[in-house]
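Visitor: I would like a close look at one loop and at the elements that surround it in the chain. Please begin there and then carry the account on to other parts.

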Amino acid sequence: GARETFENYYRKQRRKQARLVLQPPSNMHETLDGYRKYFNQIVGFFVVEDHILHTTQGLVNRAYIDELWEMALSKTIAALRTHSSYCSDPSLVLDLKNLIVLFADTLQGYGFPVNQLFDMLLEVQDQYSETLLKKWSGVFRNILDSDNYSPIPVTNEDVYKKIVGQFPFQDAELEKQPFPKKFPFSEFVPKVYNQIKEFIYACLKFSEDLHLSSTEVDDMIRKSTNLLLTRTLSNCLQNVIKRKNVGLTELVQIIINTTHLEKSCKFLEEFITNITNVLPETVHTTKLYGTTTFKDARHAAEEEIYTNLNQKIDQFLQLADYDWMAMEPGSRASDYLVDLIGFLRSTFAVFTHLPGKVAQTACMSACKHLSTSLMQLLLEAEVRQLTLGALQQFNLDVEECEQFARSGPVPGFQGDTLQLAFIDLRQLLDLFIQWDWSTYLADYGQPTCKYLRVNPTTALVLLEKMRDTSRKNNVFAQFRKNERDKQKLIDTVAKQLRSLIN
């Protein structure tokens with residue numbers, strides 16, 4: 001006869017039991033079984049309550065069950081949020097998602113509202129995406145570290161077909177060539193391309209059974225793939241480029257590789273479209289903007305090539321050993337410079353596969369750097385005096401540089417564009433070797449003058465160095481008329497140069 005007391009007692013006890021059931025074990029996130037056990041307890045609890053609701057009169061009612069379920073839902077979601085955030089293994093996160101879907105679908109079958117669980121799964125999806133990105137960061141690192149950075153050789157039709165099957169590449173010229181032949185890119189191109197596709201499949205796996213529309217799935221995959229390209233792959237590429245021991249040939253290969261990967265982005269777009277059946281014209285479609293990743297990597301590699309070349313030029317210049325007091329020039333260009341030009345020739349021969357502008361810019365930047373460095377050698381403060389003989393030897397070296405520029409080390413330059421890198425040196429040397437001061441001073445400041453590129457300050461610095469040698473060279477200078485005249489001339493020119501400067 002104590003029905004009311006019993007009902008109250010029953011509900012109070014079951015609430016306590018529910019709280020116990022909803023308390024997850026502390027190491028739940030470590031294994032899938034931990035989660036499974038947790039979910040089974042909760043399902044068991046509510047299946048029993050639902051059964052009692054339908055088979056007894058008044059012991060429990062809908063309001064009581066709804067209230068319990070509300071509490072259970074918020075506690076479960078809080079527990080899952082905490083535990084799933086510890087998880088770093090994408091396959092475990094994927095298994096967990098499948099369990100949650102099973103759990104939600106089961107309870108929905110008993111009439112419990114589970115929308116919040118599906119909303120929470122979208123958060124887990126971000127977590128899954130992060131674990132995937134971490135995993136693929138390692139994958140890309142391994143691919144880039146183990147690459148030999150040289151074009152892939154193909155010996156027969158089967159190998160050729162296999163690679164074209166892995167990576168979208170068409171080149172009528174290459175197809176016509178007899179075997180053995182080479183693809184322009186190295187191994188990492190097809191490998192990276194395939195790993196991007198693997199990543200897309202991994203993203204897709206998560207969206208199954210989430211009751212999402214195809215546009216939502218498409219959007220999700222594209223967003224994650226963009227992150228993979230712009231963040232993960234981009235970092236890996238930049239790290240390779242910035243590495244200390246990376247040489248010019250590797251940098252050239254990276255530029256070629258990234259050019260091919262950039263072109264392949266449209267095939268990745270198609271690949272996603274085929275999976276999700278959402279046409280790219282659809283209003284919400286996120287574009288793959290991964291192409292910027294390859295552009296950025298390429299620019300970084302180009303900059304690195306320019307820097308690298310300049311450092312190499314500097315190493316050769318450290319070997320320069322001019323006798324600034326020489327009375328006569330040697331019979332040919334200095335050894336260090338001949339070696340340097342030889343190095344530049346062989347380097348630019350490797351640049352044949354580069355996009356035209358890159359090879360031209362590299363060549364121009366190297367010539368300009370060489371020209372500026374030679375000018376600095378000449379004007380260095382430590383060189384207090386120099387003779388005409390030394391200048392003539394220096395002139396032989398500059399002629400060697402000009403000869404190199406004329407020989408067209410890189411195709412595509414208009415006329416004598418490359419020689420112009422050495423024009424400042426050429427005009428300065430001509431002025432001094434021909435001792436053509438009357439022309440220089442008469443024409444100064446006119447746009448058509450013969451020595452347009454000679455700055456009076458530079459000319460004065462060099463003149464001062466020559467004046468000292470004229471003085472010291474001859475103890476009996478005051479007895480020799482032509483020596484005295486030369487001194488006078490130098491003094492007069494120096495005076496006029498100073499007035500030009502002022």
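**A loop residue and its wider setting**

Guide: Tyrosine 149 is placed in the loop between helix 5 and strand 1 (153-154); helices (H or I, at least four residues) and strands (E, at least two) are DSSP runs, numbered from the N terminus. The model is a predicted one, in which local features need pLDDT of at least 70 and side-chain atom pairs count only at pLDDT 80 or more, while totals for chains, interfaces and linings use all residues. Residues are numbered from 1 along each chain as its sequence is written, and side-chain values use heavy atoms, with hydrogens and water left out.

Tyrosine 149 is not a glycine, yet its phi is positive, at about 50°. Most residues other than glycine have a negative phi, and most peptide bonds are trans. With a relative accessibility of 10%, tyrosine 149 counts as buried (buried is under 20% relative accessible area, exposed over 50%, and partly exposed in between, with a 1.4 Å probe and protein chains only).

Before this loop comes helix 5 (residues 115-146), whose axis comes within 9 Å of that of helix 4 (residues 90-109), with a crossing of roughly 170°. Axes are lines fitted to C-alpha atoms, for helices over the stretch in contact, and angles run from 0 to 180 degrees between N-to-C directions. The two helices are therefore roughly antiparallel (over 145 degrees; under 35 is roughly parallel, 65 to 115 roughly perpendicular, and the rest oblique). On the helix 4 side, the residues in contact include Pro90, Val93, Leu94 and Phe103, and on the helix 5 side they include Leu117, Phe118, Met120 and Tyr128; contact means heavy atoms within 4.5 Å. By class, this contact holds 14 nonpolar, one polar and three charged residues. Ala, Val, Leu, Ile, Met, Phe, Trp, Tyr, Cys and Pro count as nonpolar, Asp, Glu, Lys and Arg as charged, and the others, Gly among them, as polar.

On the wider scale, the assignment for the protein chain lists domain 1 (3-112), domain 2 (129-299) and domain 3 (319-501), with bounds that come from an automatic or database domain assignment. The centres of domain 1 and domain 3, taken over C-alpha atoms, are separated by 86 Å.

Further along the chain, the peptide bond from phenylalanine 179 to proline 180 is cis, with omega near -10°. Proline 180 belongs to the loop between helix 7 (172-176) and strand 2 (181-182).

Asparagine 277, also not a glycine, has a positive phi of about 60°. Its loop runs between helix 10 (248-276) and helix 11 (291-317). Asparagine 277 is exposed, at 65% relative accessibility.

Lysine 242 belongs to helix 9 (residues 214-242) and is partly exposed, with a relative accessible area of 48%. Apart from neighbours within four places in sequence, lysine 242 touches Ala300 and Glu304. Its C-alpha atom lies 44 Å from that of leucine 99, a residue 143 residues apart from it along the chain.

Threonine 458, in helix 17 (residues 456-473), is buried, with a relative accessible area of 19%. Its contacts, leaving aside neighbours within four places in sequence, are with Met375, Leu379 and Leu428.
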